[in-house]
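Welcome! Here is a short tour of side-chain contacts and domains, written for someone meeting a protein structure early in their studies. Take a look at the sequence and the model first.

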Amino acid sequence: MVSWCLIVVLLIGVAALPGQGMAAQMDLASILEDTAASGRFDVYHWWTAGGEKEAIDFAIAEFQKRYPDLKVVSNAIPGGAGGAMVMKVKVLALTGNSPETFQAHPGLELQPYLDAGMLYDLTGLWEYANIEERLLSGIAELCQVDGHYYIVPIGVHKTNMIYYNKRLFDQYGITAPSEPVTWDEFWSLCEELKQKLPAGKYPLDLGDRKGWPATHVFETLMIGTDPQIYEDFINGKATEEQVKEVLDRFKRFMSYVAPDHSARLWYEGAGRVVAGDYAMMLQGSWIQAFFTSQGWTYGEDFGAFAAPGTSEYFGFCIDAFVVPQGSRNVPNGLRWAYMVSDPQTQIAFSRAKESVSPYIDTPEEIYDELTRRFRDELIDSQTMVYPSFTHGTSLPWEAITDLHSRISDFATSSNPDTERYARLITQALREAGVRGEWDIVK
Amino acid sequence: MVGFLKRNPLLLLVIPLGLVFYFVYVGIGWNLWVSVSDWRGLNASYGFGGFGAYIRMIGDSTFWISLRNTLLLFTIIPICIVLGLVLALIMDQGLKGTNLFRNLFLLPFALSFVVTGTIWAWMYNPSSGILNSLLRLIGLESLTGFWHTSQQTVMPSIILALVWQFSGYVALIFLAGIKSVPQSQINAARLDGASQFKIYRRLVLPQLKGALTTSVVIIAMFALRSFDFIWVLTGGGPGYSSHTLPIQMYKETFMSSRFPYGAAIGNVLLVLVLLLVMPLTYRSYRR
């Protein structure tokens with residue numbers, strides 16, 4: 001009977017786990033300065049491709065220089081953009097097993113966690129590490145929610161770039177257009193590639209097996225078509241006609257893409273660009289670290305230009321980490337978040353990841369030519385930044401999940417009806433209750 | 001204590017029954033309630049929120065695609081039954097190498113669906129997969145296709161792979177059934193001059209009803225909860241074209257954080273199990 005009662009008590013305990021209490025704010029100084037802390041903890045992220053895996057390993061190595069007795073368990077959930085990792089983290093959180101820290105993007109992506117009171121308020125940590133003063137302009141605002149900070153940025157990528165295989169261009173006598181690239185120039189380039197490349201080689205690839213690269217292209221074509229459409233879109237005000245205009249352009253873009261594009265992940269597609277099977281890919285600047293891991297050098301093996309119509313814009317993708325309240329060891333999560341902003345971590349990580357460090361105290365010398373260009377663009381007051389919705393900042397997850405499926409459906413249809421998909425896409429935003437107040441058009 | 005339990009043997013059932021009650025029936029009840037709850041986002045809430053999730057289902061084209069695909073997976077049942085039976089009959093001939101083939105046929109089923117999903121993704125890869133390469137090699141280039149990456153061919157590709165995975169297992173169930181037919185009955189039929197074909201048709205096949213029911217139930221159960229294999233092979237794509245109810249349930253719940261809607265889809269699955277599989281298991285149990 002005793003054992004039966006014990007089981008009942010245990011089962012009730014298990015049922016109550018998801019609602020366990022929140023950790024109170026802690027004495028940060030004693031936690032962060034306790035370099036003799038020991039144990040192990042989990043870091044969840046989605047960096048598995050060449051270059052980015054090395055970057056997170058460098059960040060872990062820097063962490064362990066300061067906390068040598070703390071073992072970091074790196075849990076990489078592949079796929080990019082976090083879709084698969086988010087599902088894993090949500091399952092863990094709901095069963096009361098939140099990891100100590102996980103990767104996220106600032107902005108609306110955090111809203112479900114914030115609504116559930118899942119995230120630890122890192123405002124004190126921001127003050128302790130003087131993060132607000134150290135950030136490049138524009139980043140702190142994206143990280144702030146009602147005057148509080150719940151996330152610490154680790155790197156910034158530019159999303160609206162087209163990368164091309166320079167050797168392939170040279171081999172077939174094709175000249176890359178000079179920036180700023182107009183739509184007419186871009187379509188002429190695609191047409192020229194289509195004419196000159198032999199059978200089996202294609203002007204473009206997507207690598208959208210996980211769906212999000214198609215949404216990534218869609219958002220870039222949207223800003224390139226008309227920034228006002230983009231602003232209306234993330235504010236939930238875009239009309240079907242506006243979305244149709246973007247989809248018509250997307251349809252034309254898809255006519256130059258390798259037909260089996262959805263068989264590959266983004267980095268497998270990038271690998272085929274390296275192999276010379278495809279000439280170009282519209283991707284974020286994280287692709288550079290992959291190219292470098294393949295032995296490629298910017299200017300010799302590959303080139304890049306801003307997507308047509310977007311030369312004045314900088315698509316913002318900010319990688320960052322959050323600390324859940326209900327994890328087994330919140331102090332270890334705090335130590336990780338603190339080290340993310342550490343200047344030495346920033347040097348090691350940004351160099352390998354080829355991302356722009358969000359911190360002004362990261363020396364410029366660590367950057368390669370292209371990343372330095374992006375950093376210069378980012379600090380130039382003339383550059384207009386826009387928050388990526390594919391990468392979680394400007395649309396809620398509910399909308400993004402539906403968008404990924406609908407846009408992937410569009411991209412894999414043989415002759416998609418743009419009017420129908422425009423209706424489906426605007427309907428997805430309506431159903432998700434998107435009502436933003438973004439102001440990106442200057 | 002032992003004496004006490006001997007006098008009250010039903011007490012031994014209390015713990016397992018309690019566990020089944022909690023993990024199965026309480027779970028089903030909880031899921032039913034969540035589907036009509038006011039749960040929003042990751043914040044668990046158990047107040048009554050109405051039947052919005054079920055109303056949403058009616059107008060959700062993705063749900064109907066998922067339901068259609070789930071039911072489409074039932075086509076693997078007759079294909080696996082016919083293939084399995086043919087393989088079992090061949091293995092019953094006592095040919096050389098039968099043991100080797102028996103193990104080979106069982107191997108796909110012994111592998112995890114995650115492993116076989118990955119293997120088929122490689123095999124189906126349109127540009128570098130073995131399937132298209134083989135077709136090109138033997139001069140059948142016209143038959144090469146985009147397989148799991150095309151909306152038109154993704155479901156047939158999944159069905160083909162699942163037939164590969166299940167038919168060997170079904171064959172072994174049938175073979176066990178064939179072997180359980182008493183040899184005396186077969187000898188008696190032979191003495192009466194029955195041909196091998198007649199022995200199978202009149203004597204063996206009628207005794208395979210049990211094996212048939214078992215096979216149908218196992219495959220039907222898989223079809224209804226098909227998740228891991230399809231998730232690894234296609235992720236439910238391209239677009240929605242290989243969404244099944246379990247995949248949509250997972251995405252709605254953990255990606256979109258629509259817990260009531262995910263629970264409602266789970267309840268539709270429960271109804272399908274009750275309608276399609278329970279009658280079979282009930283009939284089998286009565287036998």
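A residue counts as buried when its relative accessible area is under 20%, as exposed when that area is over 50%, and as partly exposed in between. A:Glu431, with a relative accessible area of 37%, is therefore partly exposed. Please keep in mind that this is a predicted model.

**A salt bridge between the chains**

- A:Glu431 forms a salt bridge with B:Arg56, and their closest N and O atoms are 3.8 Å apart.
- B:Arg56 belongs to helix H3 of chain B, while A:Glu431 belongs to helix H20 (residues 418–431) of chain A, so this pair joins two chains.
- B:Arg56 is partly exposed as well, at a relative accessible area of 25%.
- B:Arg56 also has a ring to look at: its charged end sits over the ring of B:Tyr261, 4.8 Å from the ring's centre.

**Salt bridges within chain A**

- How many salt bridges does a search of the whole structure find over all chains? The search finds 25.
- One of them is formed by A:Asp34 and A:Arg335, with the closest N and O atoms 3.7 Å apart.
- A:Asp34 sits in the loop between helix H2 (28–33) and strand E1 (39–45) of chain A, and A:Arg335 sits in helix H16 (residues 330–340) of chain A, so the pair ties together parts that are 301 residues apart in sequence.
- The two partners of this bridge can be placed by accessibility: A:Asp34 is partly exposed at 32%, whereas A:Arg335 is buried at 6%.
- Another salt bridge brings together the side chains of A:Asp248 and A:Lys244, at 3.0 Å from N to O.
- Why are A:Asp248 and A:Lys244 separated by about one helical turn? They are four residues apart in helix H13 (residues 240–254) of chain A, which means a separation of about one turn.
- A:Asp248 is partly exposed, with a relative accessible area of 34%, and A:Lys244 is partly exposed too, at 27%.

**Two domains in chain A**

- The domain assignment divides chain A into domain 1 (34–155 + 317–380) and domain 2 (161–315 + 388–431).
- The C-alpha centres of these two domains of chain A lie 27 Å apart.
- Where the domains touch, 30 residues of domain 1 of chain A and 27 residues of domain 2 of chain A take part in the contact.
- The size of an interface is often given as the accessible area lost when the parts come together.
- Between domain 1 and domain 2 of chain A, the buried area is about 2,500 Å², and carbon and sulfur atoms give 62% of it.
- Which residues of domain 1 of chain A lose the most area to domain 2 of chain A? They are A:Cys317, A:Glu354 and A:Leu370, which together make up 22% of what that side buries.
- The interface between the two domains of chain A holds one salt bridge.
- The side chains of A:Arg373 and A:Glu179 meet in a salt bridge, at 2.9 Å from N to O.

**Aromatic rings**

- A pair of aromatic rings is described by the distance of the centres and the angle of the planes.
- Over all chains, the count of aromatic pairs comes to 60.
- A:Phe218 and A:Phe389 make an edge-to-face pair, with centres 6.4 Å apart and 70° between the planes.
- A:Phe218 is in helix H11 (residues 212–225) of chain A and A:Phe389 is in the loop between strand E12 (384–387) and helix H19 (397–411) of chain A, so this pair ties together parts 171 residues apart in sequence.
- A:Phe218 is buried, at a relative accessible area of 0%, and A:Phe389 is buried, at 0%.
- In chain B, B:Trp39 and B:Phe259 are stacked: their centres are 4.6 Å apart and the planes differ by 10°.
- This stacked pair links distant parts of chain B, 220 residues apart, with B:Trp39 in the loop between helix H2 (14–35) and helix H3 (52–59) and B:Phe259 in helix H15 (residues 259–286).
- B:Trp39 is buried at 4%, and B:Phe259 is buried at 6%.
- Back in chain A, A:Arg249 lies over the face of A:Trp183, at 4.3 Å from the ring centre.

Notes:
Residues are numbered from 1 along each chain as its sequence is written. Chains are lettered from A and ligands numbered from 1 in the order in which they are written. This is a predicted model: local features need pLDDT of at least 70, side-chain atom pairs count only at pLDDT 80 or more; totals for chains, interfaces and linings use all residues. Side-chain values use heavy atoms; hydrogens and water are left out. Rings of Phe, Tyr and Trp (its six-membered ring) pair if their centres lie within 6.5 Å; planes under 30 degrees apart count as stacked, over 60 as edge-to-face and the rest as tilted. Buried means under 20% relative accessible area, exposed over 50%, partly exposed in between (1.4 Å probe, protein chains only). A charge sits over a ring if NZ of Lys or CZ of Arg is within 6 Å of the ring centre and within 35 degrees of the ring normal. Domain bounds come from an automatic or database domain assignment. Contact means heavy atoms within 4.5 Å. Buried area is the accessible area (1.4 Å probe) that two parts lose on being put together, summed over both. A salt bridge is a side-chain nitrogen of Lys or Arg within 4 Å of a carboxyl oxygen of Asp or Glu.
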